[in-house]
There are 2 protein chains.
Amino acid sequence: MTDVAQAFAPGHVTGFFTVDRAEDPTTTGSTGAGLVLTDGVTVTVRRAEESAVYLGDERVSVAAVDRTLDALRATAEVHGDTDLPVGAGFGVSGALALGTALAANAVFERGLSAYELATIAHGAEVQAGTGLGDVVAQRHGGVPIRLEPGSPRHNRMDAVPARARVEYLTDGKLPTSDVIGGDTEALSHAGRRALSDLVREPTLATFFEASRGFARETGLLTGRVREVVTDVSEAGGEATMGMLGETVVALDTGLSDAGYDPEVCRIHEAGTTMLAPPGEPEPVE
Amino acid sequence: MTDVAQAFAPGHVTGFFTVDRAEDPTTTGSTGAGLVLTDGVTVTVRRAEESAVYLGDERVSVAAVDRTLDALRATAEVHGDTDLPVGAGFGVSGALALGTALAANAVFERGLSAYELATIAHGAEVQAGTGLGDVVAQRHGGVPIRLEPGSPRHNRMDAVPARARVEYLTDGKLPTSDVIGGDTEALSHAGRRALSDLVREPTLATFFEASRGFARETGLLTGRVREVVTDVSEAGGEATMGMLGETVVALDTGLSDAGYDPEVCRIHEAGTTMLAPPGEPEPVE
């Protein structure tokens, strides 16, 4: 029995995606691909008299977290700490939901499996309208390819076998729910084409190329992002737009080489994991 | 184009398993569960005039590696470096095969996906008769539960959401091929029962309990292992036999608390991953 538990959920930046709706939130989702990042969210869950969610020092309202706590019959304070920009396409809401699921499972001894917990967090994100693929990617780690939509208990995955430094710059927000809630047929068509390109050649170079094509075709590419991506290309690097945000993500030193001052992280090979309880050392010397 | 590439493949100690044979090596495999360990094998693959495999300083013959190189049409020197005991149930042959697949894919620019490469290594292990589930676990990381047999492109997975220190002691070898090549019906029966227990309650405590039951029921438990496992229990810890070896694996400080002097590592959350090329720094500050 414990009163507090912590999990780390990595960030996830999406290169391209489809929107696949079904009756059941756990089979609703998206195919596509993205990068799972070492920059992420540390989520602390603590038993409490009533539930509340904080991001940094600020009390926030995150529907995906509320739904996750409800599904686990957990009344708890949830604290998220992150260096990631919020609302800029890094999957912060998915990270909060999945981290909450893992940590609340430990605190309230729900005895659920990793994939069951990810299915709860995925369903919560879908119902909240804040994401379709982040939780699945954040459970997986690395450079996940979502071959089929839906939760980790329903979909099929693959991955690009690569490790890399990643740079990013962000400059504003594009609300996810506006885009994934609207007419998504053309978007999914472009997403399927990008997916088929990446499956044919699952490399980071193809991921960036397919993602750039998706951003152009769907009209999601904004003028400012296009400009930065072009600068990176002209400096010999690989970059694309992070979906859905006014965000540019680049391989290796792409943004630095083009004269920008980006955030730097790398691909996070593991998915979302438990941490040692706060105040206790990690369990290994 | 590169002449050399490196991958890290974590160790995997099996708690319980079934044997599931099919026509196709990629759908042959096993269900079961185990612990993926931070102690593993660093695999270096280098273009060469003819293929050769080394473990430490010694030239060795590892059929699963030969078959993996063949499948990738790769002529290469493969060097494995590991602190793990060989032939003691830590999945060293699987780690060598999977690490070789990833690194050879990079050197020879085969453009295969992470799951395709794991499928090649899994098929090679199955055909070599040296393992049924290690490669699948070593691609996954953490505490994987193999719900269905076969390669990562065919099976279904889940995992125990836990992080822990792991201790182990080993004292000899039990050749895998003798056990998995023989009559396996009773063994698979015990494995299915253990799996059903773990699925009902996917925690580390259940994993150890189900694994001990499997070791007893199948008669694989040796006298020496039984003695050490009992010592750990009496000291209040959790331990079980690592399949298939004269090996005891314990949670946290279980073996130390019982007065033994074990190797110490922890659960490795990520699966098998590429490393930066030898001599080059890791790609991130």
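**Exercise 1. The crossing of α1(B) and α3(B)**

Determine which hand the crossing of α1(B) and α3(B) has, and whether α1(B) is parallel, perpendicular or oblique to α3(B).

*Solution.* The crossing of α1(B) and α3(B) is right-handed in this predicted model. For the orientation, begin with the geometry: helix α1, residues 63-71 of chain B, packs against α3(B) at an angle of about 135 degrees, and the two axes lie 8 Å apart. Angles over 145 degrees would count as roughly antiparallel and those from 65 to 115 as roughly perpendicular, so α1(B) is oblique to α3(B).

Next, identify the residues that form this contact. From α1(B) come Ala63(B), Ala64(B), Arg67(B), Thr68(B) and Ala71(B), and they meet Ile120(B), Ala121(B), Ala124(B), Glu125(B), Gln127(B) and Ala128(B) of α3(B). Sorted by character, the residues of this contact comprise 7 nonpolar, 2 polar and 2 charged.

**Exercise 2. A positive phi outside glycine**

Find where Glu109 is located in chain A and in chain B, and decide whether the residue is buried or exposed in chain A and in chain B.

*Solution.* Glu109(A) has a positive phi of about 45 degrees, although it is not a glycine, and Glu109(B) likewise has a positive phi of about 45 degrees. In chain A, Glu109(A) sits in the loop that joins α2 (92-107) to α3 (114-128); in chain B, Glu109(B) is placed in the loop between α2 (92-107) and α3 (114-128). The last step is to count neighbours: a residue is exposed if 12 or fewer other C-beta atoms lie within 10 Å of its own. Glu109(A) has 10 such atoms and is therefore exposed, while Glu109(B), with 11, also counts as exposed.

**Exercise 3. A cis peptide bond**

Establish which peptide bond is cis in the loop between β9 and β10 of chain A, and then examine chain B.

*Solution.* In chain A, the bond from Met243(A) to Leu244(A) is cis, with omega near -5 degrees, and Leu244(A) belongs to the loop between β9 (239-242) and β10 (245-251). In chain B, the bond from Met243(B) to Leu244(B) is cis, with omega near -5 degrees, and Leu244(B) lies in the loop between β9 (239-242) and β10 (245-251) of that chain.

**Exercise 4. The overall form of chain A**

Work out how compact chain A is for its length.

*Solution.* Chain A contains 9 helices and 12 strands. Its radius of gyration is 18 Å, close to the 19 Å given by the globule rule for 285 residues, so chain A is as compact as a globular protein of that length. Along the principal axes, its C-alpha atoms fill a box of roughly 55 × 45 × 30 Å, and 59% of the 285 residues are buried.

How values were computed. Residues are numbered from 1 along each chain as its sequence is written. Chains are lettered from A and ligands numbered from 1 in the order in which they are written. This is a predicted model: local features need pLDDT of at least 70, side-chain atom pairs count only at pLDDT 80 or more; totals for chains, interfaces and linings use all residues. Helices (H or I, at least four residues) and strands (E, at least two) are DSSP runs, numbered from the N terminus. A residue is buried if 20 or more other C-beta atoms lie within 10 Å of its own, exposed if 12 or fewer, and partly exposed in between; C-beta atoms are placed from the backbone. The radius of gyration is taken over C-alpha atoms; the globule rule is 2.2 Å times the number of residues to the power 0.38. Axes are lines fitted to C-alpha atoms, for helices over the stretch in contact, and angles run from 0 to 180 degrees between N-to-C directions. Angles under 35 degrees count as roughly parallel, over 145 as roughly antiparallel, 65 to 115 as roughly perpendicular and the rest as oblique. A crossing is left-handed if the near helix is turned anticlockwise from the far one by less than a right angle, and right-handed if clockwise. Two residues are in contact if their C-beta atoms, placed from the backbone, lie within 7 Å. Ala, Val, Leu, Ile, Met, Phe, Trp, Tyr, Cys and Pro count as nonpolar, Asp, Glu, Lys and Arg as charged, and the others, Gly among them, as polar.
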